[in-house]
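Please look over the following model together with its sequence; the notes beneath it are grouped by topic and are meant to be read beside the structure.

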Amino acid sequence: MNEQFLALVPVYGIPVMALIVFLACLGIPMPAAVIMLFGGSLAASGDLPMLPTIAACLAAASTSDQIGYWVGRKGGAKYLARFAARGPKRQRLVDRAQDYLERRGVFAIFFTRWLLAQISPYINPVAGAAGMRWRAFTIAAICGQTVWVSTYNLLGFTFSRNIIAVAHVMGNATGFLAAGVISLALFWYITRVLHFSLKKRRRKRYLKPRGRRYRS
């Protein structure tokens, strides 16, 4: 299946790339990441212009986000209920999207564009149904999609000679990205704990204990 889509890119160029990204962001199974890697490699060889390729993919992804948001905003809970009733897998994804949105708010929109891309198409209608402000949703979604689109296209551009190996590795990119974010969060937390621990020790060393009375 991936080979058939890849064969279309050199023939139809940017429009077919944008269409595949658009459908993938609506929740339709499409190899958007592989297509963007391939598009980046074609840009490296001069067959496609780099900036228009990134811009087209970003516009396609952002358009899908807006459609999902406004479907949820207009349809609300009834749409989500009908959508989730189509299968247990969709029900789990919708439940996960709702839980993540409740816990993370607007940051959930940003991170699900690239870090948790598998629930990205489902969190958009959830955000609309929950009444999230359109401006906040749009800014977070565009920022997240910029990270996602730019990363894959630039990787394809940089490693154009080894695009097959890169595609294989990036097939599990979400796991690597999640591990990186978790590692950074743990590093920040440990640093803060050590900072406050050292600060507390210094205070105990230089400050007299309160509540004691000294007799002359």
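Thr-112 has a relative accessibility of 0% and therefore counts as buried, the cut-off for that class being under 20%. This model is a predicted one, and the values given below were computed from it. The points that follow take up Thr-112 and its surroundings, then a glycine, the cysteines and a pair of helices.

**Thr-112 and its surroundings**

- Thr-112 belongs to helix H6, and its side chain makes a polar contact with the backbone oxygen of Ala-108, at a distance of 2.6 Å.
- The backbone oxygen of Ile-109 is also reached by the side chain of Thr-112, in this case at 3.2 Å.
- When residues up to four places away in sequence are not counted, Thr-112 touches Tyr-100, Ala-117, Ile-119, Ser-120 and Ile-123.

**Gly-105, between two helices**

- Gly-105 sits in the loop that lies between helix H5 (88-104) and helix H6 (106-114), the latter being the helix in which Thr-112 is found.
- With a relative accessible area of 23%, Gly-105 is classed as partly exposed, because that class takes in values between the 20% limit for buried residues and the 50% limit for exposed ones.
- Leaving aside neighbours within four places in sequence, Gly-105 is in contact with Tyr-100 and Met-132, and Tyr-100 is also among the residues that Thr-112 touches.
- Although Gly-105 and Met-132 are 27 residues apart along the chain, their C-alpha atoms are separated by 8.6 Å.

**Cysteines**

- The structure holds zero disulfides, and for Cys-57 the nearest cysteine sulfur is that of Cys-25, which is 9.4 Å away, whereas a disulfide would require the two sulfur atoms to be within 2.5 Å.
- Cys-57 counts as buried, its relative accessibility being 1%, while Cys-143 is partly exposed, with a relative accessible area of 39%.

**Helices H4 and H8**

- Two packed helices are described by the angle between their axes and by the distance between those axes.
- For helix H4 (residues 50-84) and helix H8 (residues 134-158), the axes come within 9 Å and cross at roughly 145°, and the crossing in which H4 passes H8 is right-handed.
- Sorted by class, the contact of H4 with H8 has 15 nonpolar residues, together with eight polar and two charged ones.

Technical notes:
Residues numbered from 1 in each chain as written. Predicted model: local features only at pLDDT ≥ 70, side-chain atom pairs only at ≥ 80, totals over all residues. Heavy atoms only, no water. Axes fitted to C-alpha atoms, helices over the stretch in contact; angles between N-to-C directions. Helix = DSSP H or I, 4+ residues; strand = E, 2+ residues; numbered from the N terminus. Left-handed = near helix turned anticlockwise from the far one by under 90°. Nonpolar A, V, L, I, M, F, W, Y, C, P; charged D, E, K, R; others polar. Buried < 20%, exposed > 50% of the residue type's maximum accessible area, 1.4 Å probe, protein only. Contact = heavy atoms within 4.5 Å. Polar contact = N/O pair within 3.5 Å; in protein donor to acceptor, adjacent residues only side chain to side chain.
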